[in-house]
Amino acid sequence: MFKNIYPLFEPKRLLKKEMLENLRDFPRSMFGILYQDYSDGILSGCELETADEILLIKPGIIYHKGIPYLLGEPWKVPYEATGKLAYLKVRFPDKNAGTGQDEYLSQICLEESEADEGCELELARFKLQEGARLRDTYTDFFDYDTEFDTINRIYAPYASLERSSIYPRMMRTYARTLMEYPIQNPWDYGFCLECLRMESAIPYREIHAYLNMRLKQKKSVYSNKEIYKALGRILREAGGRGNTEAQKGTGERRLLLL
C-alpha cells in the first residue's frame, strides 16, 4: 500500500527505532524511485570555472550505479599546461563499511588517460598549451569543440532516462542559435523550446528522435560527439552554409603570412 509516515518529536516522548529508520530511509527511497530508470552521469550542477591555474568544480550531484554522490561545496583542482589532452574525472572506489554507516566516496582526479566507464566518470577534457589560459566560456555553439585551451564538456555523460545525455548548456546554446534563423522545419520549434525550458539534461531519447526525424535518417545510436556534429550540421544548413564547415569545430588557429 502507499504510505507516508511522519515521525513526531515532542517533549517527553521516547524516540523509537522506527522513527529514526524512517528519517534515514525516506530521502534515499524517494530519490531511488524518482531516478530508478536513469543512466549514470551528472544529474545536476557540477559546472566548471577556471582561475589562476585552478579548476573549480561547483556543487552538484552525480549518479553512479544507482547511488547519488553529492558535492556540497566547490572543489578546487590544480592544473598546468602540458600540451597534452587531460581528463577531469570522478573515480568511484568500492564502498567502505564505516562505523555504523556505509560510505560511498569518490576521488576527483586530472589525468591523461580516458575515463574507465566501469569505475570512472568524465567531467571534462582539455588540451592547454604552454603560456595560454584555460577558457570556461564559449563564443558560440561551434566553440564548444575548440581543441586548444578550452574546457570541452561534449563527452561528459549527463544522467538521463535509459541512456546518458549531453551537456544542457550546450543544448540551450544550440536552441538560441537556431532560433536566430527563420525556422522552416516544424521539428525545430518544439525541440528548441524544450531545450530552453529544461534546466537538467534533455533526455537522450528526445535528442535521438529529433535528429532522426530532422535529418531523415534511421541511426540507432548517437554518441555525444555524433550528437554535436549532427546539431552543427543543422545549424550550418539553417545559416545557408550547406553541409560545409564554415567554422572549425576543432578550433584550429591559422596564421596568415603576408
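These legends go with a set of close-up views of one predicted model.

Since the model is predicted, local features need pLDDT of at least 70 and side-chain atom pairs count only at pLDDT 80 or more, while totals for chains, interfaces and linings use all residues. Residue numbers start from 1 along each chain as its sequence is written, and side-chain values use heavy atoms, with hydrogens and water left out.

**View 1. Aromatic pairs, with Y35 and Y38 up front.**
There are 16 aromatic pairs in the structure. To pair, the rings of Phe, Tyr or Trp (its six-membered ring) must have centres within 6.5 Å; planes under 30 degrees apart are stacked, over 60 edge-to-face, and the rest tilted. Y35 and Y38 make an edge-to-face pair, with 5.0 Å between centres and 90° between planes. Y35 is partly exposed at 22% relative accessibility, and Y38 is partly exposed too, at 28% (buried is under 20% relative accessible area, exposed is over 50%, partly exposed is in between, using a 1.4 Å probe and protein chains only). F141 and F142 also pair edge-to-face, at 5.7 Å centre to centre and 85° between the planes. Both F141 and F142 are buried.

**View 2. An aromatic cluster and two arginines over rings.**
One aromatic cluster takes in Y138, F141, F142, Y144, Y158, Y167, Y174, F191, Y210 and Y228. Y167 from that cluster has the charged end of R153 over its ring, 5.0 Å from the centre. For R125, the ring underneath is that of Y155, with 3.6 Å from the charged end to the ring centre. A charge sits over a ring here if NZ of Lys or CZ of Arg is within 6 Å of the ring centre and within 35 degrees of the ring normal.

**View 3. A nonpolar surface patch that includes L23.**
F9, L15, L20 and L23 make a nonpolar surface patch of about 410 Å². Patches are built from residues with over 30% relative accessible area and no salt bridge; like charges are joined within 9 Å, and nonpolar side chains (Val, Leu, Ile, Met, Phe, Trp, Tyr) within 5 Å. Areas come from the Shrake-Rupley method with a 1.4 Å probe, and for residues only the protein chains shown count as cover. L23 belongs to helix α1 (residues 17-34) and is partly exposed at 45% relative accessibility. Helices (H or I, at least four residues) and strands (E, at least two) are DSSP runs, numbered from the N terminus.

**View 4. Strand β3 and its partners β2 and β6.**
Look at β3 (residues 54-57) and you'll find L55 and I57 on its covered face, with I54 and L56 on the uncovered one. Strand β2 (residues 48-51) runs antiparallel to β3, joined by four bridges; strands pair if DSSP finds at least two bridges between them. Within that pairing, E49 has L56 of β3 as its bridge partner. β2 and β3 form a hairpin with two residues between them, and D52 in the turn has a positive phi of about 50°. β3 also pairs with strand β6 (residues 75-78), again in the antiparallel sense and over four bridges. Here L55 stands opposite V77 of β6.

**View 5. Salt bridges, singly and in a network.**
The count is 16 salt bridges, each a side-chain nitrogen of Lys or Arg within 4 Å of a carboxyl oxygen of Asp or Glu. K58 and E49 meet at 2.6 Å, N to O; K58 is partly exposed at 31%, and E49 is partly exposed at 33%. K89 and E111 form another, at 2.8 Å, N to O. K89 sits in strand β7 (residues 85-91) and E111 in strand β10 (residues 107-111), so this pair ties together parts 22 residues apart in sequence. K89 is buried at 1% relative accessibility, whereas E111 is partly exposed at 27%. D143 and R135 also meet in a salt bridge, 2.9 Å from N to O, with D143 buried at 7% and R135 partly exposed at 26%. Salt bridges with shared partners join K89, R91, E111 and E120 into one network.

**View 6. L121 and I62.**
L121 is part of strand β11 (residues 120-127) and is buried, with a relative accessible area of 4%. In sequence, L121 and I62 are 59 residues apart; in space, their C-alpha atoms are 9.0 Å apart.
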